[in-house]
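Q: I would like a close look at a single helix of this protein, covering its two faces, its ends and its charged side chains. Please treat the surrounding salt bridges and the nonpolar core as well.

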Amino acid sequence: MSSRAGGVGLVVGLALVLSGCSGPAAPDRPKVGVILPTSDTAPHWEDADAQVLERVLRTEGLEPTVENIAGDAAPLIAMANQMINNGSKVLVIATPDDAVEAAVVAEVKKRGVPTIDYDLRGTSSPADYALTLDYRKIGELQGRGLIRGVRGTPAAKIVELEQGPTDSAVAELAEGQRNILQPRYDKGSYNLAGSERLPSGAEAAGAGDPAAGNPAATAAFTRLLAAAGGSVDGVVAANDQVAAAAIVVLRAKQLTGKVTVTGFGASPDALKSILRGEQFMTVYAPVESQAGATAKLAAALAGGDRPAADRLTLGDPAKAGAARAVAVAPASVTLDTIKQVFDSGAVSSDDVCAGDLALRCNQLSIS
């Protein structure tokens with residue numbers, strides 16, 4: 001036998017001895033199935049959410065299978081069953097269609113697998129657990145944004161326009177705003193010129209369609225602005241559609257850029273308004289926060305630790321059978337931080353940085 005062959009035999013033998021002393025193999029990672037919409041619904045589902053979810057789920061020690069699927073309930077149910085058959089202990093789902101989600105969740109529950117609604121529906125979701133927006137925190141960020149915008153204005157005149165998808169969301173939003181602003185109202189450094197609660201629900205807010213506008217908000221702000229003598233220093237707008245309605249009125253009176261306007265949603269139209277100097281700030285739920293909350297919840301459920309999962313929620317659901325809600329930390333967006341929205345993939349620059357805003361985006365290195 002050559003010295004080369006003898007050396008190889010020695011190495012192989014040593015490797016076998018060492019492998020026998022290495023202890024048991026590392027346990028398999030618990031599997032988690034994730035079903036998201038396709039980029040046809042919105043680019044961020046594939047460009048951001050799918051990639052970030054896969055990364056943070058792995059960081060939590062899980063083995064994710066992430067699929068972007070379009071269509072009715074049938075292909076989603078088929079994929080969910082395939083994921084469960086392949087060993088998934090938890091199913092994370094997001095779909096723009098409430099009926100499709102309900103059908104998929106019902107099928108998964110028959111298999112005894114816990115479900116997480118990733119699409120920020122809160123306790124209205126049919127899933128076992130659901131992410132929700134922290135409206136109180138959103139309101140606090142709006143209050144702080146307003147303070148920053150009107151800084152240095154003595155006895156600033158403020159108008160509040162409240163609206164939300166549910167009555168409870170409106171109440172939490174207003175509470176967060178007042179946590180920040182009430183001390184200034186009380187001291188007289190700010191003057192609350194008017195506050196109005198607009199109709200709640202997606203229908204009242206134009207169902208998210210910018211073209212639908214927000215007639216209730218337009219009428220309310222027109223009335224409050226007139227009552228304030230035709231000028232105000234700040235508008236606490238509950239969401240980006242309410243902000244847009246206020247901006248339309250301000251633009252007609254050549255007041256845009258002179259009034260601090262808040263918002264929430266980080267819609268493309270709101271980001272355009274921020275770039276133009278018509279809206280001071282908005283608020284959104286970063287993909288990292290949304291995915292991170294999902295990963296921690298999925299890790300607890302995949303490990304069979306329901307009490308640990310429940311500790312991550314906001315408490316008992318409002319009604320029997322409702323999903324347990326897990327709050328997602330929001331983030332403020334101003335001109336100084338607007339680039340992060342595009343960098344995260346939450347909004348495509350193609351939807352914002354065209355026409356008169358192309359140069360502005362280029363100056364801010366938004367691509």
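Which residues in α4 are buried?

A: The model discussed here is predicted. In α4, the buried residues are Val 100, Glu 101, Val 104, Val 105 and Val 108. Viewed down the axis of α4, these buried residues fall within an arc of 125°, so they line one face of the helix. A general point of helix geometry applies here: an α-helix has 3.6 residues a turn, so residues three or four places apart point the same way.

The helix itself covers residues 98-110, which makes 13 residues. From its first C-alpha to its last, α4 reaches 19 Å, close to the 18 Å expected at 1.5 Å a residue. The buried residues of α4 pack against three elements, namely helix α3 (73-85) and the strands β3 (88-93) and β4 (115-117). On the face turned away from this buried side, α4 carries the exposed residues Asp 98, Ala 99 and Lys 110.

Both ends of the helix show a local feature. At the start of α4, a side-chain oxygen of Asp 97 comes to within 2.9 Å of the backbone nitrogen of Ala 99. After α4 comes Gly 112, which has a positive phi, near 75°.

The charged side chains are considered next. Side chains of opposite charge can pair when their charged atoms come close. Within α4, Glu 107 and Lys 110 form a salt bridge, at 3.6 Å from N to O. These two residues are three apart in the helix, about one turn. Their accessibility is as follows: Glu 107 is partly exposed, with a relative accessible area of 23%, whereas Lys 110 is exposed, at 67%.

A further salt bridge joins Lys 109 to Asp 128, with the closest N and O atoms 3.8 Å apart. This pair links distant parts of the chain, since Lys 109 belongs to helix α4 and Asp 128 to the loop between β4 and β5 (129-133), 19 residues apart. Both partners are partly exposed, Asp 128 at 22% relative accessibility and Lys 109 with a relative accessible area of 38%.

The count of salt bridges in the model comes to 15. Another of them, outside α4, connects Arg 58 with Glu 54, whose closest N and O atoms lie 3.4 Å apart. Arg 58 and Glu 54 are four residues apart in helix α2 (residues 44-59), and therefore separated by about one helical turn. Arg 58 counts as partly exposed at 32% relative accessibility, and Glu 54 is likewise partly exposed, with a relative accessible area of 32%. Glu 54 and Arg 58 also belong to a network of salt bridges that includes Glu 63.

The nonpolar interior completes the picture. In soluble globular proteins, nonpolar side chains tend to be buried together. The largest nonpolar core has 44 residues, of which Val 32, Val 34, Leu 36, Ile 116 and Tyr 118 touch the most other members. Helix α10 (residues 287-302) gives the most to this core, with nine residues. Leaving aside residues up to four places away in sequence, Val 34 touches Leu 53, Leu 57, Thr 65, Val 66, Glu 67, Met 83 and Val 92. Another core, of 21 residues, lies apart from the largest one and has among its members Ala 217, Ala 246, Val 249 and Val 261.

Notes:
Residues are numbered from 1 along each chain as its sequence is written. This is a predicted model: local features need pLDDT of at least 70, side-chain atom pairs count only at pLDDT 80 or more; totals for chains, interfaces and linings use all residues. Side-chain values use heavy atoms; hydrogens and water are left out. The expected span of a helix is 1.5 Å times one less than its number of residues. Buried means under 20% relative accessible area, exposed over 50%, partly exposed in between (1.4 Å probe, protein chains only). The arc is that of the directions from the helix axis to the C-beta atoms. Contact means heavy atoms within 4.5 Å. A polar contact is a pair of N or O atoms within 3.5 Å; within protein, one must be able to donate a hydrogen and the other to accept it, and residues adjacent in sequence count only if both atoms are side-chain atoms. A salt bridge is a side-chain nitrogen of Lys or Arg within 4 Å of a carboxyl oxygen of Asp or Glu. A nonpolar core is a set of buried Ala, Val, Leu, Ile, Met, Phe, Trp, Tyr and Cys residues joined through side-chain atoms within 4.5 Å.
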